Amino acid sequence: MSPVLLVVGGCSSAVYRRDCLIHTAARHPVALVTDQEPTWQRDFIVDHEIADLRDHQAVQAAAERLSRRRPISGVLTWDEYLIVQTARLAQSLGVPGNRDWAMRRCRNKAGAQEKFDELGVPSAASIPVLTLAEARRAAVGIGYPVVLKPAAHAGSVGVVRVTGPAELPKSWRYVAEAATSQGAEGTGVLVEEYLDGPEISVECVTESGRTTAVAVAHKDLTEQPWFEEIGHTVTADDPLLDEVAPLASQALAALGVTHGVSHVEMRLTESGPKIIEVNARLAGDMIPRLVQLATGIDLVAAAADLALGHSPQLKPSRSRSAAIRIFYPPTAGNLTQCRLDPAVARSPWIDRISWQAPIGEPVAPPPHTAIHASRVGFAIVTGRSPAQTRRCLDRVEDRLVITVAPLAPGERSAA
């Protein structure tokens with residue numbers, strides 16, 4: 001029986017992670033440990049087991065059942081909330097992976113910040129709190145404006161900027177609600193220094209403790225006080241890469257990341273780049289696709305290769321720009337229409353148009369307390385430069401129709 005690459009969870013979203021599974025399965029036999037019976041995934045896997053992904057013992061038992069049927073040669077996850085489980089599993093199976101203590105440190109933003117402070121990694125100052133009263137004291141100590149965020153969430157869920165004491169109680173209620181379902185690795189809320197400047201992510205590949213930064217993704221965010229991501233742009237030969245790569249490597253080393261593909265977020269402040277957080281897994285929002293379209297570097301393949309103990313191919317083979325724009329509804333209501341002018345949809349510079357929310361579903365614009373809530377869809381385009389990709393995305397948005405009908409009395413939005 002051929003050895004398999006075991007993927008833990010990470011496939012529930014057919015929109016954002018389908019490419020990862022299809023692309024990986026084309027290179028290696030894949031088995032899943034998942035919390036629900038596979039549907040669309042069945043065409044791309046050779047075996048699976050069902051387990052409660054929050055329970056390490058259940059995940060371990062599922063992997064052991066699989067291993068009795070097929071040798072397991074590597075383990076990986078694309079899911080932020082499962083990186084600790086996956087590290088533990090890799091250790092128990094004796095396959096390549098990070099240490100579980102390093103992944104816990106990445107998941108818990110307060111613990112990560114302590115390590116950054118200890119080792120002098122430039123980053124946003126933050127204070128963990130559990131109550132509104134503690135948040136008030138922390139905000140005064142750091143100085144307004146501040147950012148409130150759950151200690152262990154992802155996808156900018158529950159993140160809000162607070163400009164003064166009068167805004168704090170309402171913002172606290174919003175963030176505290178989001179923080180109730182953030183996972184076992186972190187509790188409570190962080191009060192964080194607001195870093196002024198453009199936000200980027202650095203996509204990194206680490207092998208045997210040595211990190212290579214391969215691309216920079218420039219982020220577009222919703223208007224403040226919210227920080228939900230609505231777009232990213234990646235360009236080959238970005239001159240910023242050489243400037244930010246050392247800090248990304250320093251942050252990964254500080255947290256003990258020795259293996260895999262990582263997504264390191266930072267802001268470009270007047271005093272230089274500073275770390276926001278480290279995500280020790282493949283980026284979301286189709287950023288790996290943007291990197292491949294712009295540079296030719298295949299981060300999905302790199303993640304699989306590293307999980308199997310192989311050195312990834314990181315030599316650029318393209319020099320383009322690629323960008324994604326994520327679409328939200330204009331108002332809260334039931335989604336009634338998503339349509340793009342067919343003439344624009346056939347444009348050669350469009351890589352993909354994807355619709356995410358079913359017609360008839362309640363939707364709402366940001367902010368949200370759940371990941372990807374009410375995203376209607378996205379467009380990916382390519383061009384010679386960031387300016388050209390932005391013009392292409394503007395043209396898509398100009399010819400895009402998203403309509404919603406008012407909610408019935410008592411009907412709840414998706415927020």
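Q: How many of the residues of strand S13 (residues 272-279) are buried?
A: In this predicted model, local features need pLDDT of at least 70 and side-chain atom pairs count only at pLDDT 80 or more, while totals for chains, interfaces and linings use all residues. Residues are numbered from 1 along each chain as its sequence is written, and side-chain values use heavy atoms, with hydrogens and water left out. Buried means under 20% relative accessible area (exposed is over 50%, partly exposed in between; 1.4 Å probe, protein chains only). Strand S13 is largely enclosed by the rest of the structure, because the buried count is 8 of the 8.

Q: Which strand is joined to S13 by a hairpin?
A: Strands (E, at least two residues) and helices (H or I, at least four) are DSSP runs numbered from the N terminus. The hairpin in question has 2 residues between its strands. S13 runs antiparallel to its partner, with 7 bridges joining them (strands pair if DSSP finds at least two bridges between them), and the hairpin partner is S12.

Q: Which residue of S13 stands opposite Thr269?
A: We've just seen that S12 and S13 run antiparallel. Look across from Thr269 into S13, and the residue you meet is Gly272.

Q: How far apart are the C-alpha atoms of Leu268 and Trp226?
A: Leu268 lies in strand S12 (residues 260-269). Its contacts (heavy atoms within 4.5 Å), leaving aside neighbours within four places in sequence, are Asp196, Gly197, Pro198, Ile200, Leu240, Val244 and Pro273. Trp226 sits 42 residues from Leu268 along the chain, and their C-alpha atoms are separated by 18 Å.

Q: Is Glu199 buried or exposed?
A: You'll find Glu199 in strand S9 (residues 199-207). Skipping residues up to four places away in sequence, Glu199 touches a set of residues including Ala217, His218, Leu221 and Ile276. Its relative accessibility is 10%, so Glu199 counts as buried.

Q: Which residue has a side chain joined to that of Glu199 by a polar contact?
A: A polar contact is a pair of N or O atoms within 3.5 Å; within protein, one must be able to donate a hydrogen and the other to accept it, and residues adjacent in sequence count only if both atoms are side-chain atoms. Among the residues that Glu199 touches are Glu265, Met266 and Arg267. The polar contact spans 3.3 Å, and the partner of Glu199 is Arg267.

Q: Which residue caps the N-terminal end of H5?
A: Helix H5 covers residues 109-119, and its buried residues include Lys109, Ala110 and Phe116. What covers the buried residues of H5 includes helix H4 (100-107), helix H8 (240-255) and our old friend S13. At the N-terminal end, a side-chain oxygen lies 3.0 Å from the backbone nitrogen of Ala110, and it belongs to Asn108.

Q: What phi does Gly120 take?
A: Gly120 comes just after H5. Its phi is positive, at about 70 degrees.

Q: Which residues of S2 are buried on the side that holds Ala31?
A: Strand S2 (residues 30-34) is mostly covered, with 5 of its 5 residues buried. One side has Val30, Leu32 and Thr34, all buried. The other side is covered too, and there the buried residues are Ala31 and Val33.

Q: Which residue of S3 stands opposite Val33?
A: S2 has parallel partners: 4 bridges join strand S1 (residues 4-8) to S2, and Leu5 has Val30 as its bridge partner. S2 and strand S3 (residues 47-50) also pair in the parallel sense, over 4 bridges. Opposite Val33, in S3, stands Glu49.
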